[in-house]
Structures are given as C-alpha cells and as structure tokens.
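Work through the following exercises with the sequence and the 3D view open beside you, and try each task before you read its solution.

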Amino acid sequence: MTKTKTNPYLEFLKQNLVLCGIVVLIIVTAIAEPKFLGTSNLNNVLRQLGPLPFAALGMTFVIIGGFIDLSIVGIISLVGVITIGLVDPLGQVGALLAGILLGAFLGWLNGLVLTTCGAMTQAEVLFITYGMSSIYTALALIYTGSETLRISRSEKSISIFTTLGSTNIGIIPVVLVVFVIVLILMHLFHRKTIWGRAIALMGGNKDAAYLAGFNMKRTMRLAYAINGTMSALASIALLSRVTTATATSGANYETNAILCVVVGGTTLKGGKGSVLRTMLGVVLITLLGNCMNMLNLSTYMQTVMRGAVLVIAIWLDNRKEL
Amino acid sequence: MNAKANVNKVWKVISKQKAVVAILVLMVMMLFFDTTFYTAYNWLDMLRSTAILEIVAFGVTVAVICGGCDLSCGGTLCLGGIIAVMMVNSGIPIPIAILVALLSGAVVGFINGFLVVHQKTEPFIITLGMGMLLKGICQQLTDAHPLTCKSKGFMQISNMKFFGAVPSLVVYMVILFVIFYCLMRFTSFGRNCYAIGGNYEVAKYSGIKVVPIKWAAFVISGVVSTLAGVLLSSRMNTGSSVYGDTTGMLVNCGVVIGGTSFAGGVGGMIESFIGLFVIQLLTNCMNQLGVDSYYQRLCEGILIVVIIGSDCFGRKLKRERV
C-alpha cells in the first residue's frame, strides 16, 4: 500500500473508484451484449432509476449526520397507501401534499423519539428505527387490511400521478426531471446553508458542534425529517410507476438506500460525503442490476451481488482510514 | 425516609429488569381473561416455538458481549437449513450433512470476524450486508422454492418427544443453554469475552488475545445460527429461503431487550433467554386474546421501541449525572 502512494494514476483511481467502476461496467457489458447501448435499454435504465434515488438522497443526510435509518421501509409503505387513500377525499394535489407532509412528520417523529431517548450510538439508532419501521408497517397493514390499493380505481383525476409515472420529456422520464431539481436543491442545502453544514458537523464531531452553538437535538430531528420527506417522494414515485400500493411496498429500500450511499463514498462514521457522490452510487447499483439482466443472470444473483458490493465497499472504505 | 429509599431501590430494580417486569405484567394480565394461557400444554408450546430463536440468540449473545453484533444470523440460519436438507436429499448420512451445515456457519462467522475484528469495520452494517448476501445465495441454491426433505430420520430430529410430552426442541434449547451458560461463566474464554466487551483497550493491554477471542465469538455465533437453521428445517421438514427474514433483527432486539448491551461487557445467557421470551409471550398472549395479527405487529414494534428507548434513556441519565 505504501508504495502506491506516489503513483498519481492509482491515487486518482482510489479517489474515483465508483466512477471507474461505472465506466468498466459499461464497457464490459457493451462488449458482451451490444444491445446494452441501444435506446430502448437506455430508456429502461432511466426508468429503473425511479424511486431509489430519492430514498438514497434522504439517507445520505442521516448518514452524513452520523446516524442510520431503517424506518424508511415503513415510511414508504405507509405514505404510499395513505396517499392513494386520500386521492378521493382530498383530490390529487391535496393527496400529494398530504403524503409528503406525512413523510416529513414520520421522519420528524423518528428524530423526536431518538432525541428523547438520547440515542447516540449507531446500534441504538438502528434498533429503535427498526422498531419504528415495524410500527409504521403495522399501521399500513391496519389501514389497508393487506389489500392492494389501486390508484386507477379512484374517481377523481389522477393526471399528476400518471404524468410522473409514465410520461417522458424526450427520453427522460418526468420523475427524473423532478428528481434532478430536488437533487440540486438538496445539494445547495447541504453545501450552502447553515443547517446543511450543521448536519455535517454533527456527524464529524458532536461535541464540537454542540460547543459551536448548534442545537444538536434539533439538527438530528431535521436530518430525520429530510429523510422522511425524501422517502415520501420515493413512495410517490413508486406508486406513480406501478400504480398500486401495498403495505409492504417499501420492502428492501432501506438496505438498497444504505448501499447506494455507502458505495458512493459517504462514510458511515459520518461527517464526510455529498449528495452528488450518492448519485454515483445509485447509478452504479442501478446499472449493475441492468447489466446483470442483460447478461441473463438470475435475480437471486443480483441480491448476492448487492450484498457483496455492500460488504466490500464498507471494507475498502475502512481500509482507506487505517 | 426509609420508604423513599425503598421506592428508589424498587425503581432501580425495575429499570434494570424491564423484560422481567414486562413478563410479570403480561402474566398478571392474563389472569383476568378466561383462556388456556395457564396450561402446561400452552407453556410447552410456547417454549417449543421460541426454541429456535433462543438458540440463535445464545450464539449472538456471545458476539454481543464481546462488543460486536450479528445481524447476519437470519441468513446463516437459512443457509444452514438449506445445506443440510440438500445434502440429506442427495443421500449423504444425516450426521455428516449436519456437520457440513455447521461448517458453513463457521465459514460465515469466520468472514464476519475477519471483517469486523481484524479489519475493524462497523459490525452492524457489515453483518447486515452479509445477511443480504447469504439470502441471495440461499435463493440461488433453492431457486426460491422450498425444498422438501425426503428423509424421515431428518424430520425426527426436531419433531420427536422425550418422556412422551417434552418436545425435543425444548430439550436441545436447555442443553445449549447450559453449555453456553457454563462457557460464559466458568471458562477463561467467557470471562475474556466480558473483559473485551467492557473495555477493548484495557483487555488488550492486560494481555488478553483480543483479536482471536473476538473472532472466535463471531464463529460461535455463525455455527449456532446454522444449528438453529438445521433444527428449523427439520421441524418444518423443508429448507426454504424465506426462513430467517426477520430473525436477524428480532434476535438482536431480543438480546438487547433482555439487558445485554450493545456497548458490550454486560448481560448473559439468562438475560437473552428472558429477552426473547418476552417477545414470544407477547405474541402468545395476543394470540390467546384473539388480537388481529396486524395489531400484534404494532405491539411488537412498540415493545421494541419502548424497551430499547428506555434503555438508552437510562444511559443518557447516567451520562448526564457523571
């Protein structure tokens, strides 16, 4: 390891491992399966991006703050079913807003529970948010009675959802445009506002942040509320695309979101990272899934691959600091 | 004055033994309902249904006492069962099949130990990733179909009864409990585990071989998880990749609910037994009262949040007092 430090190419490779991974993946798959670069597949990849980037974006803030959140499974499920349920009584705009507000509230509630308990270590946070997740999922189950809710059954207009779900501008889906706008806003929030910096500072050194005059509890609640809002957006993106919502539709989003964040290079220790890096992680993971589909590997192997990528990414990340 | 001191003492005991209090509350509550709760059959059944999780918990507790954590136990459990069933089906003698299954658990534990202990990564997230990877492997092995075991003898392992009434799973659980209790209480390995969990640096400088011992704790956890997997597959007479989906989180939650702290160094087998028993007791009580399964899940989530939250709260008060 010590020898390579002088080599500028290796240094560049180390810094931009994800980018290199993406390029290698594209080249290898394109050689093995030329269809990969065709328009229809490109369209597919853009479509597959769908809800995951939103979830990963929110998770980035929590992880930069030095915590973790497993409750987005519950939030995505609960927001999805409630939004569909509210389309009839409130109309589509009202349902949309109510869904997003509900997400923010649930996230804030997580933060409130955690700060009241004084959960400081990642272990405590992990288990409490897991408990919250089963509460939210249970609420969603109670609400739906484990039936599948279909948005197309509602009597009022659902044009926003159909636009989000299936309309393209050129080859770019509308939902991706929305996402890019949110991404830019969030990036600016993280880099330029005092609250964004407070979250990063909290992850870097809690005591220092406290002594610098930041209200740590409020910052923590803010980070979780952002995550909740983003999960709600992910949920809406999901239900627009599949046009249904069940009480378990959020399953596996938590590990995938954490995976994207970690692969992107945001360390779990907190303090470091950026939303743009997370996006590289999202692109890598989505491309990986697409490539494995193109190469006709089973979906089970994709789960193996994701687990392996998660373990290896954390391991490499840790080695950097040793 | 004396009364106040007594109240304080009682309060201290209660706050330390939340799980015992929860059990007592549930048992008193059940006195008021006319159910079959207080029958030998029900209690034996309860012990039998919780046996698998308890066995997993014994292994995980060793890792937790060392200051680690093993969320991959769900995946390991699944893998152990599937390997055993596959080998038995292909005509290999049952003892050898079980031995190979246990070996696979040892390998998983070895890898976990390498990453967590040797490379000093965060145990929670690494084992979470490992669990995901193992799940994928299990799906790949079985093509996501349940595998029925063709051997009668294999099914007998968990389904026979000793003395005409006691299910064999309960007997295995008791035997393993005694073994692990003695291991942690009366051997130098067990004492060293407590020392490592209590203070890693101090243990290191006292001449305890910290790395091999903590590593061994992860291997033990893996082996015991696969053993539980074999017993579960024998009980169900099938190996399936859907086993163990929630086991990882549930067992670790149970261990913490019992009073074994993730900070390491405190707790023990009795505590873990009680912790998981609370969850089972709650489920049983609600089944007896005919509570809807969605509400059961809600109560389970609330139980986890309340007990782990109050645990954190206690530590927070302690921190502030110092």
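Helices and strands are DSSP runs, a helix having at least four residues and a strand at least two, and they are numbered from the N terminus. Keep in mind throughout that this is a predicted model.

**Exercise 1. Place B:Asn237 between its neighbouring elements, and decide whether this residue is buried or exposed.**

Solution. Begin with the position: B:Asn237 sits in the loop that runs from helix H11 (210-236) to strand S4 (238-239) of chain B. Next, look at the backbone, where phi of B:Asn237 is near 60 degrees, which is a positive value in a residue other than glycine. Finally, consider the accessibility: buried means under 20% relative accessible area, and B:Asn237 has 14%, so this residue is buried.

**Exercise 2. Carry out the same kind of analysis for A:Asn252 in chain A.**

Solution. The loop that holds A:Asn252 lies between strand S4 (244-245) and helix H12 (253-264) of chain A. Its phi is positive, about 75 degrees, although A:Asn252 is not a glycine. For the last step, recall that exposed means over 50% relative accessible area; since A:Asn252 has 52%, this residue is exposed.

**Exercise 3. Find how many salt bridges the whole structure has, and describe the partners.**

Solution. A search over all chains finds two salt bridges. One of these joins the side chains of B:Asp45 and B:Arg48, with a distance of 3.0 Å from N to O. Both residues belong to helix H3 (residues 40-65) of chain B, where they are three residues apart, about one turn of the helix. B:Asp45 is partly exposed because its relative accessibility is 23%, and B:Arg48, with 22%, is partly exposed as well.

Another salt bridge is formed by the side chains of B:Lys135 and B:Asp245, at 2.8 Å from N to O. Here B:Lys135 lies in helix H6 (residues 123-142) of chain B, while B:Asp245 is in the loop between S4 and helix H12 (247-258), so the pair ties together parts that are 110 residues apart in sequence. B:Lys135 is buried, its relative accessible area being 12%, whereas B:Asp245 counts as exposed at 55%.

**Exercise 4. Describe how chain B and chain A meet, taking the contacts, the buried area and the salt bridges in turn.**

Solution. Start with the contacts, in which 41 residues of chain B touch 48 residues of chain A. The area buried between the two chains is about 3800 Å², and carbon and sulfur atoms give 77% of that. On the side of chain B, the residues that lose the most area to chain A are B:Ile125, B:Met132 and B:Tyr294, which together make up 18% of what that side buries. Then check for charged pairs: the count of salt bridges between chain B and chain A is zero.

**Exercise 5. State which residues A:Leu310 is in contact with, leaving aside its neighbours within four places in sequence.**

Solution. First locate A:Leu310, which is part of helix H14 (residues 299-321) of chain A. The contacts of A:Leu310, with those neighbours left aside, are A:Leu259, A:Val262, B:Ile125 and B:Gly129. For A:Val262, which is 48 residues away along the chain, the C-alpha atoms of the pair are separated by 7.3 Å. With a relative accessibility of 1%, A:Leu310 counts as buried.

**Exercise 6. Decide how the radius of gyration of chain B agrees with that of a compact globule, and then describe the chain as a whole.**

Solution. A compact globule with 322 residues would have a radius of gyration near 20 Å, and chain B agrees with this because its own value is 20 Å. The C-alpha trace of chain B spans about 75 × 60 × 35 Å along its principal axes, and its secondary structure comprises 14 helices and four strands. Of the 322 residues of chain B, 52% count as buried.

To finish, turn to the surface of chain B, where B:Val28, B:Met29, B:Leu31, B:Phe32, B:Phe33, B:Tyr38 and B:Leu289 form a nonpolar patch with about 700 Å² of accessible area together. One of these residues, B:Leu289, is found in the loop between helix H13 (269-288) and helix H14 (293-321), and it counts as partly exposed at 33% relative accessibility.

Terms used:
Residues numbered from 1 in each chain as written. Chains lettered and ligands numbered in written order. Predicted model: local features only at pLDDT ≥ 70, side-chain atom pairs only at ≥ 80, totals over all residues. Heavy atoms only, no water. Patch = residues over 30% accessible without salt bridge, like charges linked within 9 Å, V, L, I, M, F, W, Y side chains within 5 Å. Areas by Shrake-Rupley, 256 points an atom, 1.4 Å probe, with all protein chains shown as cover. Salt bridge = Lys/Arg side-chain N within 4 Å of Asp/Glu carboxyl O. Buried < 20%, exposed > 50% of the residue type's maximum accessible area, 1.4 Å probe, protein only. Rg over C-alpha atoms; globule rule 2.2 N^0.38 Å. Contact = heavy atoms within 4.5 Å. Buried area = accessible area lost by both parts, 1.4 Å probe.
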